[in-house]
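Subject: Structure for your files

Hello,

Here is the structure I said I would pass on. Please have it open while you read the notes under it.

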Amino acid sequence: MRTTSNGGTVCNFSIAATPRTFNRQSNQWEDGGALFMRCTAWRDIAAHCAQSLHKGMRVIAQGRLQQRTYQAKDGAQRTVVELQVDEIGPSLRYATAQVQRIQHANGGGQNMAQAPAQQPVAGGWGAPADPWSAQANNGADEFGGGENDF
């Protein structure tokens, strides 16, 4: 993550996508060729990426593909395709995640640096004052469903 000359925050990273196929003849999984996608996240999402994501994590990303051309140091014209990240988060296929909602300074809430550490509460870990936690609303969502109703 870095700050641009005009004060904007940006986080640049790559996502690797490696397809796997099952070879029935050898009875084994085989990795295909990896695709490395350069990604750029701006403003708040840049800070959230830098704090939450780490090398090797499985992620799901959504955004806009953008193509740009530039002149390399050797004088050659190069073209790259990048993903301008709109949404990103950890994949829950092989992991779990604890989501903490961040209120921005203009909303009168806390910023990320001042977010409280999670404390153990009845029924598991979570911040009891968090309006999104199951403990705060007794497991019912705004539509009256329980915490296991999707």
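The notes below go from the overall layout to the sheet, the core and the cysteines.

Please keep in mind that this is a predicted model.

Overall layout

The protein chain has 150 residues, of which 17% are buried. Its secondary structure consists of nine strands and one helix, and these follow one another along the sequence as β-β-β-β-β-α-β-β-β-β. Among contacts with a separation of 6 or more, 45% are between residues 24 or more positions apart. The exposed surface of the chain comes to about 11,900 Å², with 49% of that supplied by carbon and sulfur atoms.

The sheet and the helix

Five of the strands make an open, mixed sheet, and their order across it is β1-β2-β5-β7-β6. The edges are β1 (2-3) and β6 (59-71); each has a single partner strand, so one side of each has no neighbour in the sheet. At the β1 edge, the pairing with β2 (residues 9-17) is antiparallel and rests on two bridges. In that pairing, threonine 3 is opposite threonine 9 of β2. The helix, α1 (residues 43-52), packs on this sheet and touches β2, β5 (35-42) and β7 (77-90). The direction of α1 makes about 125° with that of β5.

The core

In soluble globular proteins, nonpolar side chains tend to be buried together. The largest nonpolar core here has 12 residues: Cys11, Phe13, Ile15, Met37, Cys39, Ala41, Ile45, Ala46, Cys49, Leu53, Leu83 and Val85. Two or more of these residues come from each of β2, β5, α1 and β7. Cysteine 39, one of the core residues, touches Cys11, Asn12, Phe13, Ile15, Leu83 and Val85, leaving aside residues up to four places away in sequence.

The cysteines

Since the core includes Cys11, Cys39 and Cys49, you may ask: how many disulfides does a search of the whole structure find? The result is zero. For cysteine 11, the closest cysteine sulfur belongs to cysteine 49 and lies 5.4 Å away, which is too far for a bond; a disulfide would need the two sulfur atoms within 2.5 Å. Cysteine 39 is not in a disulfide either, as the nearest cysteine sulfur, again that of cysteine 49, is 8.7 Å from its own. Are cysteine 11 and cysteine 39 buried or exposed? Cysteine 11 has a relative accessible area of 7% and is buried. Cysteine 39 is buried as well, at 1% relative accessibility.

Regards

Definitions and conventions
Residues numbered from 1 in each chain as written. Predicted model: local features only at pLDDT ≥ 70, side-chain atom pairs only at ≥ 80, totals over all residues. Heavy atoms only, no water. Helix = DSSP H or I, 4+ residues; strand = E, 2+ residues; numbered from the N terminus. Buried < 20%, exposed > 50% of the residue type's maximum accessible area, 1.4 Å probe, protein only. Contact = heavy atoms within 4.5 Å. Areas by Shrake-Rupley, 256 points an atom, 1.4 Å probe, with all protein chains shown as cover. Pairing = 2+ DSSP bridges. Axes fitted to C-alpha atoms, helices over the stretch in contact; angles between N-to-C directions. Core = buried A, V, L, I, M, F, W, Y, C linked by side-chain atoms within 4.5 Å.
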